[in-house]
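Trainee: I am new to this structure and would like to learn how its descriptions are justified. Could we go through them one at a time?

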Amino acid sequence: MQPSSDATLEAATQWVRGARRIVVLTGAGISTDSGIPDFRGPNGVWTKNPAAEKASTLQHYLRDPELRRLAWQNRLSAPVFSARPNASHGAFVELERRGQLLAIVTQNIDGLHQVAGTDPERVIEVHGTVHWSRCWGCDDRRPMQSTLDRVRAGETDPPCELCGGVLKSDTILFGQSLVPEVIDAALDAADRCDLLIAAGSSLSVFPAANVVPRAKSAGAKVVIANGEPTKMDRFADALLIGPLSITLPALCTTPV
Ligand code: NAD
């Protein structure tokens, strides 16, 4: 895939400069430079090991105690708990500082936008967060680190302390419904923006990917930044192909 031209980047940068209500849609690709692998990119978890998809599917997770034990063990050393934000997260902090950012709709579960300094009120986490655990039975929610302390202490598949139900991270697994108010907030932001930047996502997971056509049909300019083609490229006014930690600071932090 050819990197995009300087002229495309320059045009998109001009739109960013002139925009007043920017919505950003992010995916796993913006956190790979923080050491968290994506799923479907060239070095993605599923690209390298297609069987890993099973662990992200609700029905398998609920049905299979062995898979849950493995999932808890993997969480103990997961890079997501020690990762630091990178230049891509920082680029969107700059948009907020300038008063141009309406919302960040993120498919990521790593919390790195908030760590980078984005106002948590502006971050819409459509797939939940890994920083909390939740009981599938009674919905009791606890900080993930306190649940991981129980795993470290020897509970290989810790049950809910209130009802004995199955605990999972507070993320949306495949086969699990999204929280209606959260996806509504994401689509509402798409309806209100004048510029959408979709970055680091294959744009193949629905309904999150619908933010792109929604913003387009509301009249917004659409900029898609990614290292490879996405499923939504036909909606883009500018396609920025290249490494995100170079593209996004160039796009968002050029002085107005
Ligand atoms: P995806 O894996 O489907 O797509 C990521 C895209 O980013 C790929 O097209 C890849 O080529 C591109 N990419 C990766 N690193 C890049 C870089 N440095 N520069 C340019 N492009 C780069 O991810 P998705 O669309 O977010 O969907 C996967 C699902 O997995 C989401 O629901 C998300 O919740 C979850 N997930 C989240 C994390 C995280 O929170 N960091 C990590 C893995 C998966």
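Trainee: Why are helices α1 and α10 called oblique to each other?

Mentor: In this predicted model, helix α1 (residues 6-18) and helix α10 (residues 244-252) pack at an angle of about 50°, their axes lying 8 Å apart. Angles under 35 degrees count as roughly parallel, over 145 as roughly antiparallel, 65 to 115 as roughly perpendicular and the rest as oblique, and α1 and α10 are therefore oblique. Residues are numbered from 1 along each chain as its sequence is written. Local features need pLDDT of at least 70, side-chain atom pairs count only at pLDDT 80 or more, totals for chains, interfaces and linings use all residues, and side-chain values use heavy atoms, with hydrogens and water left out.

Trainee: Which residues make the contact between them?

Mentor: With contact meaning heavy atoms within 4.5 Å, α1 contributes Leu-9, Ala-12, Thr-13 and Val-16, while α10 contributes Thr-247, Ala-250, Leu-251 and Cys-252. By class, the contact of α1 with α10 has 6 nonpolar, 2 polar and no charged residues.

Trainee: What makes the pair formed by Asn-226 and the ligand a polar contact?

Mentor: A polar contact is a pair of N or O atoms within 3.5 Å, and an N or O atom in the side chain of Asn-226 is 2.9 Å from an oxygen atom of the ligand. The pair therefore meets the definition. Likewise, a polar side-chain atom of Thr-32 lies 2.8 Å from a nitrogen atom of the ligand.

Key. A polar contact is a pair of N or O atoms within 3.5 Å; within protein, one must be able to donate a hydrogen and the other to accept it, and residues adjacent in sequence count only if both atoms are side-chain atoms. Axes are lines fitted to C-alpha atoms, for helices over the stretch in contact, and angles run from 0 to 180 degrees between N-to-C directions. Helices (H or I, at least four residues) and strands (E, at least two) are DSSP runs, numbered from the N terminus. Ala, Val, Leu, Ile, Met, Phe, Trp, Tyr, Cys and Pro count as nonpolar, Asp, Glu, Lys and Arg as charged, and the others, Gly among them, as polar.
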